[in-house]
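This report walks through one protein chain for a reader who is new to structures. Please keep the sequence and the picture at hand while reading.

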Amino acid sequence: MTTDAADPRQRGRSRGLQLAEGLHGALDAYDRLFALAGIGPHTVRDDAERALDAVGAFRPALRAQIEGIADGARVDAWQVAALNARTEILARSRTVPPGECSTLVRRLPTSDGGATRVGVQTWDWHVELSSSWHTLDSAGGAHRYVGITEHGILAKIGVNSAGLALHFNILGHRDDRVGGIPVHVLAALVLEEAGSTEHAREILRDAPLTSSGSFTLFDTDSALLLDLSPAGIFEVPEAAAGTHLRTNHFLTPVPSAHEKSWLYQPDSGERYAFLRDRIERDPVERPGQLVERLVTGPGEPPLTCVPDMDAPTGRRWASLATVVLDPACRTARVLDGTPAEHTTRPWRTLRA
């Protein structure tokens, strides 16, 4: 999907018009997930409206984009707000735990003797939403950005025209709730406005935050891995020289003290340790090796996530997409599939 309009409501409306049919499918899928999570429709609507008000108070242009999507797709604004706040709404539940994602960002040598950074991640989510996401090329804000997101959700994973890249993992804190800026809306804010990792940090520190996630932010010169939580924002040190790794647990002590460890452990810790050990044994020296490091099979922690179709709805997770971000080239390379399929399925390259 491509949208290009200086007016944020029109930018959103263009997205809504292009998404109209698929957006209704996404709304239906999330209605089922909310119901499985024991979250009633009145609670969903109330949460969504409070999230939309929080967005409007902090960045009216982002609210205008959400309302524009709703207008273009002919749905209510609160329904699109519920998609953008789906992480915060689902934080109410133990019944439908979130999926998992694995991220690797590495400083790599260049042919001229310098260095650059390239990142890769899986986006792992419910297999029932495998047709409810799209690639995105959004222009009209301070920076153009490209990447992937879900139908109706402003942003997720991407790189912008200033050369800032963002990988996104979900975390869980006991104080997660609706009331601040939803983490997916924060991703759009950073990609649209930030010109560097430090600029992104400043934007995030100003934002009212009541939920959790991890942003791995990087450009050619620097990388910043952050634990975002209701307890604050904390920087995570490198896992090894020139390497940042992220799965789905907090990596700094303050938010870790109140983590919803039952959501992701021991799985997240096992994936993190496996990836860290693999990188130590066999360091990444070329961009093409990044995706290979996320390929796993039976008996290994599921960096490559294949759904168990015998499991009930709400517990069938899959690597729906694999994304490589290269800020030097301002590109996002997107595979509609798992890392294990990186040589057998086509990649799409987007340039900001």
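Two strands are said to pair if DSSP finds at least two bridges between them. The model described here is predicted, and the pairing of its strands is a good place to begin.

## The six-stranded sheet

In this predicted model, six strands form an open sheet in the order β11-β2-β3-β12-β13-β14, and their pairing is antiparallel. The edges of the sheet are β11, residues 243-246, and β14, residues 347-351, each of which pairs on one side only. Neighbouring strands of the sheet are turned against each other by 20° on average, when direction is ignored. Helix α10, which covers residues 267-281, packs on this sheet and touches both β2 (103-109) and β11, and its direction makes about 160° with that of β11.

At the β11 side, strands β2 and β11 pair in the antiparallel sense over four bridges, and Thr103 stands opposite Arg246 in β11. Within β11, Thr243 and Leu245 point one way while His244 and Arg246 point the other way, and all of these residues are buried. Elsewhere in the sheet, strand β12 (residues 317-326) and strand β13 (residues 331-335) pair in the antiparallel sense over five bridges, with Thr322 standing opposite Leu335 in β13.

## Helix α2 and its surroundings

Helix α2 spans residues 41-58, and Asp53 lies in it. Does the length of this helix fit what its residue count predicts, and what separation of its end C-alpha atoms should be expected? At 1.5 Å a residue, the 18 residues of α2 should span 26 Å, and the end C-alpha atoms are indeed 26 Å apart, which agrees.

The buried residues of α2 are Val44, Asp47, Ala48, Ala51, Leu52, Ala54, Val55, Gly56 and Phe58. These buried residues pack against several helices, namely α1 (8-36), α3 (60-73), α4 (77-84), α5 (86-90), α6 (183-193) and α7 (197-206). Asp53, by contrast, has a relative accessible area of 46%, and because this value lies between the 20% limit for buried and the 50% limit for exposed, Asp53 counts as partly exposed. The C-alpha atom of Asp53 is separated by 8.6 Å from that of Gly179, although these two residues are 126 residues apart along the chain.

## Loops and backbone details

Glu100 lies in the loop between α5 and β2, and at 9% relative accessibility it counts as buried. Leaving aside residues up to four places away in sequence, Glu100 touches Asp124, Asn248, Asp267, Arg271, Pro302 and Cys305.

The peptide bond from Gln265 to Pro266 is cis, with omega near 5°, and Pro266 has its place in the loop between α9 (261-264) and α10. Two other loop residues have a positive phi without being glycine, and they are set out below.

| Residue | Phi | Loop | Relative accessible area |
|---|---|---|---|
| Arg74 | about 60° | between α3 and α4 | 76%, exposed |
| Arg330 | near 55° | between β12 and β13 | 28%, partly exposed |

## Cysteines

A disulfide is a covalent bond between the sulfur atoms of two cysteines. How many disulfides are there in this model? The count comes to zero. Cys305 is in no disulfide, and the nearest cysteine sulfur, that of Cys101, is 8.9 Å away, a separation to be set against the cut-off of 2.5 Å. Cys305 counts as buried at 6% relative accessibility, whereas Cys329, with a relative accessible area of 39%, is partly exposed.

## The chain as a whole

The protein chain contains eleven helices and 14 strands. The radius of gyration of the chain is 19 Å, close to the 20 Å that the globule rule gives for 352 residues, so the chain is as compact as a globular protein of that length. Along the principal axes, the C-alpha atoms fill a box of roughly 50 × 45 × 40 Å. Buried residues make up 59% of the 352 residues. Among the contacts between residues at least 6 apart in sequence, 66% join residues that are at least 24 apart.

Note on methods:
Residues are numbered from 1 along each chain as its sequence is written. This is a predicted model: local features need pLDDT of at least 70, side-chain atom pairs count only at pLDDT 80 or more; totals for chains, interfaces and linings use all residues. Side-chain values use heavy atoms; hydrogens and water are left out. Helices (H or I, at least four residues) and strands (E, at least two) are DSSP runs, numbered from the N terminus. Buried means under 20% relative accessible area, exposed over 50%, partly exposed in between (1.4 Å probe, protein chains only). The expected span of a helix is 1.5 Å times one less than its number of residues. Contact means heavy atoms within 4.5 Å. Axes are lines fitted to C-alpha atoms, for helices over the stretch in contact, and angles run from 0 to 180 degrees between N-to-C directions. The radius of gyration is taken over C-alpha atoms; the globule rule is 2.2 Å times the number of residues to the power 0.38.
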